[in-house]
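Here's a quick walk through some of the packing and pairing in this one. Have a look at the structure first, then read on.

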Amino acid sequence: MSAGLFPAGRVTVEDVARRAGVSTATVSRAVNGTARVAQETLDRVQHAIDELGFRPTPAAQNLRQQRTRNIALVVPTITNPFFPELVAGVAPEITRRGSLLLLLSTDDPEGEATRVAQSRLADGILLVGAMERSGARQRTPHLDLPVVAFDRAAASLRTTVVQCDNAAGARAVVTHLAGLGHRHIAHLRGPRGLDVADQRARGHRRALLELGLDARLEVEGDFSEESGYAAALRLLDGPERPTAVFAANDLMAIGALAAFRARGVRVPEEISVAGFDGIRLGRYLHPTLTTYAQPIAEIAQRAVTLVLDAVDSGSPLPRSRSAPHVLSLAGELVVGGSTSTVPS
């Protein structure tokens with residue numbers, strides 16, 4: 001019997017068993033290594049496989065290995081432009097590694113991650129935490145599969161976190177503004193208790209204090225355009241108008257630009273504005289937005305590699321009992337048209 005009698009893709013375990021003169025169960029044990037098989041039998045099975053061109057299907061291999069080849073990406077929203085850009089960075093690397101991406105958008109990312117893990121819908125999970133504050137939820141037990149958080153540390157799951165060096169980014173923005181002569185630099189901060197917002201606020205304050213400048217001018221928002229708009233109006237109506245504003249993310253900076261425009265305050269001639277994230281939309285504003293760009297592609301690649309390496313090796317990810325294991329990456333200050341020298 002020649003291999004030509006078995007068109008490509010149609011050779012079955014039964015065909016291999018008949019050629020080798022063994023049972024299909026023996027072929028399965030030989031292929032999967034699930035039990036001891038005599039060397040002579042292994043040689044006959046391997047010869048038959050080579051002769052017939054038999055290839056186990058990926059689905060069958062995954063089933064035997066109890067693998068789905070799915071990686072779940074759980075995000076709190078897809079309306080924030082930062083997250084779709086993160087997805088765009090994740091998808092190619094997951095595909096390159098032979099897995100499939102499951103994108104889940106929910107207002108309870110950590111609860112959804114727990115459900116995915118318990119149902120075994122995926123081999124690993126990539127997670128962007130919700131807007132919950134630190135300690136806002138009771139911590140859940142460690143999930144029995146690899147979980148890596150992007151950007152924000154999870155509030156209820158102790159996971160490995162891959163994120164930008166937020167404090168260093170904030171310091172870079174403040175240093176840029178101070179270098180332009182600004183001495184009254186306000187911060188439109190993110191929600192208190194959210195790790196990335198707190199880190200950026202600390203970086204802002206520390207940089208100002210090191211420069212001998214007032215670090216008290218701070219208004220809280222929630223990372224949305226609306227909160228940036230409202231916070232900017234509060235600054236304009238306050239007792240001391242700043243000459244520059246550092247918003248904790250680009251969306252709040254965009255809201256601030258709209259507020260200043262509505263009040264007839266020119267940017268950057270009368271007030272400078274800078275953001276954080278480096279979303280693509282900022283390049284098409286007028287004026288273009290000065291921002292600290294997160295290394296989205298590198299964050300995505302590192303996180304995917306961590307998850308898939310753990311899946312493939314069966315080794316646990318680094319853990320800490322007291323705090324998340326954080327991999328911090330440097331971003332880049334991108335100077336646009338929204339910042340200039342202090343008004344004379």
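## Strands 3 and 4

Leu126 sits opposite Val148 of strand 4. That pair belongs to the match between strand 3 (residues 124-127) and strand 4 (residues 147-150), which run parallel and share three bridges. Bear in mind that this is a predicted model.

## The six-stranded sheet

Zoom out and strands 3 and 4 turn out to be part of an open sheet of six strands, ordered 2-1-3-4-5-11, with parallel pairing. Strand 2 (100-105) and strand 11 (326-329) are the edge strands; each has a single partner strand, so one side of each has no neighbour in the sheet. Going from one strand to the next, the twist averages 20°.

There's also a helix to place against this sheet. Helix 6 (residues 109-119) lies across strand 1 (70-75), strand 2 and strand 3, and runs at about 175° to strand 3.

## Strand 10 and its partners

Now for strand 10 (residues 290-293), which is covered on both faces. Thr290 and Tyr292 point to one side, Thr291 and Ala293 to the other, and all of them are buried.

Which strands does strand 10 pair with? One is strand 9 (residues 272-277), in the parallel sense and over four bridges; here Thr290 is the bridge partner of Ala274. Another is strand 12 (residues 332-334), which runs antiparallel to strand 10 and is joined to it by three bridges. In that pairing, Thr291 has Val334 as its bridge partner.

## Helix 9 against helix 10

How do helix 9 and helix 10 cross? The axes of helix 9 (residues 225-237) and helix 10 (residues 250-262) come within 7 Å, crossing at roughly 50°. That angle makes helix 9 oblique to helix 10, and the crossing is right-handed.

On the helix 9 side, the contact is made by Glu225, Ser227, Gly228, Tyr229, Ala232, Leu233 and Leu236. They meet a set of helix 10 residues that includes Leu251, Met252, Gly255, Ala256 and Phe260. Sort the residues of this contact by type and you get eleven nonpolar, three polar and one charged.

## A buried asparagine

One last residue to click on is Asn166, which lies in helix 7 (residues 166-179). Is Asn166 buried or exposed? Its relative accessibility is 1%, so Asn166 counts as buried. Leaving aside residues up to four places away in sequence, Asn166 touches Val196, Gln199, Arg200 and Phe276.

Definitions and conventions. Residues are numbered from 1 along each chain as its sequence is written. This is a predicted model: local features need pLDDT of at least 70, side-chain atom pairs count only at pLDDT 80 or more; totals for chains, interfaces and linings use all residues. Side-chain values use heavy atoms; hydrogens and water are left out. Axes are lines fitted to C-alpha atoms, for helices over the stretch in contact, and angles run from 0 to 180 degrees between N-to-C directions. Helices (H or I, at least four residues) and strands (E, at least two) are DSSP runs, numbered from the N terminus. Angles under 35 degrees count as roughly parallel, over 145 as roughly antiparallel, 65 to 115 as roughly perpendicular and the rest as oblique. A crossing is left-handed if the near helix is turned anticlockwise from the far one by less than a right angle, and right-handed if clockwise. Contact means heavy atoms within 4.5 Å. Ala, Val, Leu, Ile, Met, Phe, Trp, Tyr, Cys and Pro count as nonpolar, Asp, Glu, Lys and Arg as charged, and the others, Gly among them, as polar. Two strands pair if DSSP finds at least two bridges between them. Buried means under 20% relative accessible area, exposed over 50%, partly exposed in between (1.4 Å probe, protein chains only).
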